[in-house]
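Work through the exercises below with the structure on your screen. Try each task before you read its solution.

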Amino acid sequence: MSKFERSTRPSTAFVLRYGLAVLSVAAALSITQLLRAYFETTPNSLFFCAIVISSWFGGLGPGLLAGLLSVGVIDYFHTLGVNAEDVPRLAVFLISGAAISWLSGEQRRAKESLRQARDELELKVQERTAELRQINEELRAEIAERKNAEGALLSSEAQLKQAQAVAHLGSYEVDALTGHTRWSDEVFRILGLDPASGSLSRQDFVERVVHPEDREYAMQRYDRVVHEGKLYDLEYRVIRPDGSVRFVQSMGEPIRTPDGGAVVRLVGALLDTTERKQSEDSLARLNRTLQTLYQCNQALVRASDEYELLQTVCRILVEVGRVRMAWVGYRELDREKSIRPVAQAGYDEGYVESVKATWEDTERGHGPTGTAIRTGKPSWTQNIQTDSSIAPWRTEALKRGYGSNISLPLMSDGATFGALTLYDQQPNAFNERTVEQFTELADNLAYGVIALRTRAERSRAEHALREAQAELAHVTRVMTMGELAASIAHEINQPLAAVVTNANACLRWLTGPTPNLDEAQAAVARIARDGNRASDVIGRIRALVKKSATEQAHLDINEVIQEVLGLIQTEIRKNEVVLRMKLAPDLPRILGDRVQLQQVILNLMMNGIEAMSAVTDRSRDLLIRSCRYESDKVLIAVQDSGTGLETESLDHLFTAFFTTKPKGMGMGLAISRSIIEAHGGKLWASPNDGPGATFQFTLHVGSKEEEAR
């Protein structure tokens with residue numbers, strides 16, 4: 001609002017109030033004059049009404065003005081002057097108008113005061129109502145908030161109970177001074193107690209709920225917590241009213257007095273860890289089972305003896321698998337159908353022998369081992385103390401701490417030849433999963449046993465084959481010696497004739513008139529030389545003919561070749577063969593049997609000489625070569641200039657009983673190849689670019705370590 005508006009508003013009201021007085025008097029005058037036209041006498045009450053109206057609406061001032069104007073008008077229009085008689089009347093009129101004006105003003109002021117008081121009261125009521133409404137809204141909001149908080153608290157409590165039930169976690173409080181406790185519903189559920197019966201005191205809890213084997217430990221830990229006032233976390237077992245055992249974990253915090261003095265109560269949580277313990281035990285058992293299977297499979301790979309393998313597997317099952325006892329029995333086909341123990345490990349104390357197991361369909365054959373062998377399927381006893389199938393052996397089994405057992409058949413080609421039986425200390429130790437795992441182990445064990453048996457049979461067969469080959473090679477050598485009888489006789493006769501000649505000469509030098517001792521000594525020396533030469537020939541013949549076991553030694557292959565040449569010199573001269581040798585010096589020694597290698601070289605040389613017997617149009621050349629081959633081998637080659645080899649006969653040259661000679665047996669080259677292959681080498685033949693053929697073979701060089709040994 002502007003200053004002008006504020007200043008003009010009171011003046012406007014003043015004009016209106018006093019203008020109303022003038023107008024009201026003028027109106028009264030007008031009405032009076034109008035009425036005078038009809039009435040002879042007119043009342044002056046209308047001026048009184050003008051005074052009342054002016055006083056009522058304008059206040060005291062306008063009322064007095066209206067009164068004065070009314071008196072003036074009345075006097076003017078009714079009389080020409082004021083008489084003494086009119087003074088009282090005018091005074092009364094003025095006083096009445098003033099009184100009415102005052103009363104009207106007072107009434108108006110009272111009304112205004114009342115209105116103002118009413119307005120103020122209404123304003124205060126409105127303000128108070130607004131305050132009350134705000135307070136009411138705040139109360140409503142607070143009530144709603146409290147309801148929400150109560151709902152959230154109830155929901156939180158429900159969720160906490162649900163969470164505790166899901167997590168198997170309950171809360172508790174213990175009064176350290178009185179021993180009184182307060183438990184949540186989940187604690188009652190964990191302990192298998194009725195919440196309606198109330199929580200137990202600490203002493204009753206220890207004596208009635210804690211497992212007897214854990215009571216002393218639990219009491220010691222509780223006393224230490226109360227004494228030291230530190231956070232605690234302990235695990236122990238509890239026994240429910242139904243006798244079941246549960247594993248629990250108790251953890252919490254001791255609460256001291258406000259001044260930090262003694263512990264007055266314990267606040268903590270009780271967690272049911274039974275399922276976790278069972279899972280951990282199952283996982284540990286599975287881990288042991290897998291470790292057992294792994295080590296048993298490793299034993300299968302490394303095994304070289306059947307009974308050593310069985311004993312090793314039993315030992316692994318006890319030491320790694322932690323079974324109480326393990327044993328393997330083989331099925332016997334005797335009249336009693338007995339089961340023969342072949343391997344055992346673990347705590348036995350004569351149990352296996354006392355069982356006298358059988359696989360016959362009788363009472364004593366209905367145990368796990370007999371049933372597994374008879375049916376070819378796994379058989380197990382969940383609880384030895386209650387299972388009727390183990391009745392004949394229950395007393396002895398319980399005496400040795402056996403709680404359960406399982407027997408797994410050992411099978412080959414669909415037939416059972418034995419069983420692997422395991423005993424565990426705990427009842428119900430074997431379930432379908434462990435049965436499946438141990439069945440796999442039994443199948444692997446059976447496979448390993450059969451593989452070892454097959455290997456042993458093959459080893460015996462190979463040994464018999466080697467003996468047969470050695471016998472055949474010996475026969476071949478003897479036959480070769482028979483064929484070389486004339487040459488051998490000539491080789492021996494030469495030194496013997498020289499011995500006789502030198503002996504006669506010695507006699508002449510000694511029996512002369514003057515004994516010539518020098519000449520006699522020289523003759524004796526020649527006799528000794530020729531005797532040694534004859535002895536060497538006989539020794540080589542004996543070595544070839546002698547039947548002896550294979551003897552591996554480090555040999556100089558050139559020396560072996562020279563020894564063979566000493567036996568066939570007569571054959572070479574008789575057949576007019578030109579012998580040439582290209583023996584590489586400083587060849588490494590090879591590891592082999594001297595006699596067998598001499599036989600191979602002799603056979604190849606004789607074949608070369610015979611192949612050239614029909615050659616008349618060219619020189620009969622026989623070349624013997626030795627050299628290094630690759631990095632770890634030595635090669636020996638016998639090359640002739642004979643009739644050569646036909647292409648179609650190359651594939652059958654080394655086949656037994658195949659021969660190209662009219663009187664040959666066809667065994668020489670077959671035996672020679674088997675000898676070379678037994679030495680780790682290779683023997684083959686190839687035609688020459690010119691006439692003849694070449695037979696050659698390789699031998700491995702012996703290591704320096706082997707040579708040193």
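The exercises go from the whole chain to single residues and then to a pair of helices.

The model is predicted: local features need pLDDT of at least 70, side-chain atom pairs count only at pLDDT 80 or more, and totals for chains, interfaces and linings use all residues. Residues are numbered from 1 along each chain as its sequence is written, and side-chain values use heavy atoms, with hydrogens and water left out.

**Exercise 1. The whole chain**

Task: State how many helices and strands the chain has, and what share of its residues is buried.

Solution.
- Step 1. Count the elements. There are 20 helices and 17 strands. Both are DSSP runs numbered from the N terminus: helices are H or I with at least four residues, strands are E with at least two.
- Step 2. Look at burial. Of the 709 residues in the chain, 37% are buried. Buried means under 20% relative accessible area, exposed means over 50%, and partly exposed lies in between (1.4 Å probe, protein chains only).
- Step 3. Look at contacts, meaning heavy atoms within 4.5 Å. Take those in the chain between residues at least 6 apart in sequence: 60% join residues at least 24 apart.

**Exercise 2. Two threonines**

Task: Place Thr-421 in its strand and find the partners of its side chain.

Solution.
- Step 1. Thr-421 belongs to strand S10, residues 415-424.
- Step 2. Its relative accessible area is 0%, so Thr-421 is buried.
- Step 3. Search for polar contacts. These are pairs of N or O atoms within 3.5 Å; within protein, one must be able to donate a hydrogen and the other to accept it, and residues adjacent in sequence count only if both atoms are side-chain atoms. The side chain of Thr-421 has one of 2.9 Å with the side chain of Thr-369. Another, of 3.1 Å, links it to the side chain of Ser-407.
- Step 4. Leave out residues up to four places away in sequence. Thr-421 then touches Met-325, Ala-326, Trp-327, Thr-369, Ile-406 and Ser-407.

Task: Do the same for Thr-181 in strand S2.

Solution.
- Step 1. Strand S2 covers residues 181-183. Thr-181 has 17% relative accessibility, so it counts as buried.
- Step 2. A polar contact of 3.4 Å connects the side chains of Thr-181 and Trp-183.
- Step 3. Check the backbone too. A polar atom of the Thr-181 side chain lies 2.4 Å from the backbone oxygen of Leu-200.

**Exercise 3. Cysteines**

Task: Which cysteine sulfur is closest to that of Cys-314, and why is there no bond?

Solution.
- Step 1. Recall the bond. A disulfide is a covalent bond between the sulfur atoms of two cysteines. Here the cut-off is a pair of cysteine sulfur atoms within 2.5 Å.
- Step 2. Find the closest sulfur. It is in Cys-296, 8.8 Å from the sulfur of Cys-314, which is too far for a bond.
- Step 3. Check the total. The structure has zero disulfides.
- Step 4. Look at accessibility. Cys-314 is buried at 0%, while Cys-627 is partly exposed at 27%.

**Exercise 4. Positive phi**

Task: Are Lys-356 and Asp-413 buried or exposed?

Solution.
- Step 1. Lys-356 sits in the loop between helix H10 (351-355) and helix H11 (368-375). Its relative accessibility is 64%, so Lys-356 counts as exposed.
- Step 2. Asp-413 sits in the loop between strand S9 (404-412) and S10. At 80% relative accessibility, Asp-413 is exposed.
- Step 3. Read the backbone angles. Neither is a glycine, yet phi is positive: about 50° for Lys-356 and about 55° for Asp-413.

**Exercise 5. Two packed helices**

Task: Describe how H18 and H19 pack.

Solution.
- Step 1. Choose the quantities. Two packed helices are described by the angle between their axes and the distance between the axes. Axes are lines fitted to C-alpha atoms, for helices over the stretch in contact, and angles run from 0 to 180 degrees between N-to-C directions.
- Step 2. Read them off. H18 (residues 594-611) and H19 (residues 668-678) pack at about 145°, with axes 10 Å apart.
- Step 3. List contact residues. Those in H18 include Leu-597 and Val-600, and those in H19 include Ile-671 and Ile-675.
- Step 4. Sort the residues of this contact. Seven are nonpolar, six polar and none charged. Ala, Val, Leu, Ile, Met, Phe, Trp, Tyr, Cys and Pro count as nonpolar; Asp, Glu, Lys and Arg as charged; the others, Gly among them, as polar.
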